[in-house]
Amino acid sequence: MNPEVLLSRIRVVLCRTSHPGNIGAAARAMKTMGLCNLYLVEPKQFPDPEADARATSAVDILQQAKITSSLKDALVGTSFVVALSARQRDIGPVIGAPRETVARLIAEAGQGEVALVFGNETVGLSNEEILHCHAAVTIPTNPEFSSLNLGSAVQVLSYECRMAAYAEQPPIIEQGVTPFASPAATHDEVEGLYTHLETVMTDTGFFNPEQPGRLLPKLRRLFSRVRLEKDEINILRGVLASTQVKTGHGRKS
């Protein structure tokens, strides 16, 4: 199935969000990964200018967000639901690894609507809310600093959804980027550089053709370590052309 169709069937459900800025951050995280369905369960403050500001160019996600009075209402029509939980509980689904669980979520999206559920920033999901979910995940953060804000958590799981939907190979679109590399230099262009370099070194007194030593072979070995490009040849010869004046610091014959 088309990956974009799979992503369009994922609902991101935020329960009892206390700060509107976190809703905006979650919307931005969703849009960067191709998710568009945002559900808000009893948000403390929404809509709000702070949410719009944090969403940046994802305000359209906020404008289309659906607000419900309960998680049960937000999940109507879904067939598989994954909760984010910071800990294993005595009740509810067993905590699984995000990558494996999200892979299952994407597989279920092939059949219909699915959901990712996030709890309140401070207390997370309630036990009652967890019971509405079929699976649960926790993000394996650094044990010494496990604090992860809501927007970041949505970003991590949205990324996993995109990677799973595209079988680990999502398209990368480069817009307005000038290629950094240029074609490889030809043999005669490289030889032209060596000839130019030898001329400049001789003219400035750095190189004495009568006592060449191993200078030229060493320079050839230096440049042969890399595959010189046409642009690089042009740059080096431009530098040489600008310095074709005797410096007085060359080797004495």
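**Exercise 1.** Which residue follows H2, and what is the sign of its phi?

*Solution.* Gly34 comes after H2, and its phi is positive, near 90°. Before going on, note that this is a predicted model, where local features need pLDDT of at least 70, side-chain atom pairs count only at pLDDT 80 or more, and totals for chains, interfaces and linings use all residues. Residues are numbered from 1 along each chain as its sequence is written, and side-chain values use heavy atoms, leaving out hydrogens and water.

**Exercise 2.** Check the length of helix H2 (residues 20-32) and find out how many of its residues are buried.

*Solution.* Start with the span: helices are DSSP runs of H or I with at least four residues, strands runs of E with at least two. The expected span is 1.5 Å times one less than the number of residues, so the 13 residues of H2 should cover 18 Å, and the 19 Å between its end C-alpha atoms agrees.

Next, burial (under 20% relative accessible area, 1.4 Å probe, protein chains only): 10 of the 13 residues of H2 are buried, so the rest of the structure largely encloses this helix. Among them are Pro20, Ile23 and Met30.

Finally, the buried residues of H2 pack (heavy atoms within 4.5 Å) against strands S1 (10-15) and S2 (37-41) and helices H3 (49-55), H4 (59-63) and H8.

**Exercise 3.** Describe how H6 (residues 98-109) packs on H8 (residues 150-165).

*Solution.* The angle is about 60°, with the axes (lines fitted to C-alpha atoms over the stretch in contact, angles from 0 to 180 degrees between N-to-C directions) 9 Å apart. That makes H6 oblique to H8 (outside under 35, 65 to 115 and over 145 degrees).

Note on methods: Buried < 20%, exposed > 50% of the residue type's maximum accessible area, 1.4 Å probe, protein only.
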